[in-house]
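Here are my notes on this one, jotted down as I went through it. Have the viewer open while you read.

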Amino acid sequence: MVPINYYIILSAILFTIGALGVLIRRNALIIFMSVELMLNAANLAIVAFGSILKSFSGQIFVFFVISVAAAEVAVGLALIVEIFKSKRSIDVDQMSSLKG
Amino acid sequence: MTLELIFFLILSLIAIATALGMLLSRNAIYSALFLVLNFITIAVFYLLLGAPFIAMAQVTVYAGAIMVLFLFVIMLLGAESISGEFNWRKIIFPGSLALILAVESAYLLVARARPAGEVVPPDAAVNTITNLRDLGEALFNQYLLPFEVTSILLLVAMVGAIVLIRKERRVYQ
């Protein structure tokens, strides 16, 4: 029997590592991967809560989150490829063309 | 300390180590492979929580499809080591922000969680096949409309990705 708090703390740690990745890395692909990690941490918390409430709704919600993440990755990677084609770089610090 | 708890602790160590490896490795390919390992670890957590369908969806969709797409784009752009450099002095401010986030979220989630909550393991009495059938029935009765909307969302994402990538052909008259 694993207490649910352990799952929640693990989920918080993984989410924080993802947020830290968004903050400190400058490679757009790594930032995107960190966002995926944060999504996964939230999914883990949802499944843990659903398991403690003995309800399927949590699992079904996570299923929808996974499919939305798949759609998001397709569009996001297309955007990154397009940015790379025009700027020859995916460093997010260099995407400052709109800066006055 | 039960066997399941030991299993959980080892797995969570692997999950945190692979997440940190994803964050800190200089080569984007290594980051993606660490992330694949992390997703598979989370799939095992889903199995521990008694959600086999979500675990398999995690392995096929996340660790399979999504990460293959990531690896494909990394290799397409030749972006293995683009701007992999970061100096450790820059990490102090985001690091402190992240520490505050970790403490606050863990405190709030644990304080709001049910006090005597223990996750029920998938014991032998609960038949997994029945479990899966109930899940499917709930998905196709109660949640049928969101399911259909998801299919439209996937279609729109596919069209959007193709439109974004497509080479623009100017028509000269």
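1. In which helix of chain A is the place of A74(A)? A74(A) sits in helix α3 of chain A. Bear in mind throughout that we're looking at a predicted model. A74(A) comes out as partly exposed, because its relative accessible area is 24%, and partly exposed here covers what lies between under 20% and over 50%. Setting aside neighbours within four places in sequence, A74(A) has contacts with L69(B) and A161(B).

2. Now for S11(A), which belongs to helix α1 of chain A. Buried or exposed, S11(A)? It's buried: the relative accessible area of S11(A) is 5%, and the cut-off for buried is under 20%. Not counting residues up to four places away in sequence, S11(A) touches A41(A), A42(A) and A45(A). If you want to place S11(A) relative to A74(A), they are 63 residues apart along the chain, and their C-alpha atoms are separated by 25 Å.

3. On to the helix that holds A74(A). Does the length of α3(A) add up, and what span should its 31 residues have? At 1.5 Å a residue the expected figure is 45 Å, and the end C-alpha atoms of α3(A) are 44 Å apart, so the two agree. Just after α3(A) comes R88(A), with a positive phi near 60°.

4. The interface next. How many residues of chain A are in contact with chain B? The count is 68 residues of chain A, against 79 residues of chain B. Between them the two chains bury about 6900 Å², and 79% of that is on carbon and sulfur atoms. In chain A, α1 (4-24), α2 (28-53) and α3 (57-87) each give at least two residues to the side that touches chain B. The largest share of that side is from α3(A), with 23 residues.

5. What is that side of chain A made of, in terms of nonpolar, polar and charged residues? It divides into 50 nonpolar, eleven polar and seven charged.

6. Last, the specific pairings across the two chains. Salt bridges between chain A and chain B: zero. For polar contacts, the rule finds five residue pairs across the interface, both residues at pLDDT 80 or more.

Notes:
Residues are numbered from 1 along each chain as its sequence is written. Chains are lettered from A and ligands numbered from 1 in the order in which they are written. This is a predicted model: local features need pLDDT of at least 70, side-chain atom pairs count only at pLDDT 80 or more; totals for chains, interfaces and linings use all residues. Side-chain values use heavy atoms; hydrogens and water are left out. Contact means heavy atoms within 4.5 Å. Buried area is the accessible area (1.4 Å probe) that two parts lose on being put together, summed over both. A salt bridge is a side-chain nitrogen of Lys or Arg within 4 Å of a carboxyl oxygen of Asp or Glu. A polar contact is a pair of N or O atoms within 3.5 Å; within protein, one must be able to donate a hydrogen and the other to accept it, and residues adjacent in sequence count only if both atoms are side-chain atoms. Helices (H or I, at least four residues) and strands (E, at least two) are DSSP runs, numbered from the N terminus. Ala, Val, Leu, Ile, Met, Phe, Trp, Tyr, Cys and Pro count as nonpolar, Asp, Glu, Lys and Arg as charged, and the others, Gly among them, as polar. The expected span of a helix is 1.5 Å times one less than its number of residues. Buried means under 20% relative accessible area, exposed over 50%, partly exposed in between (1.4 Å probe, protein chains only).
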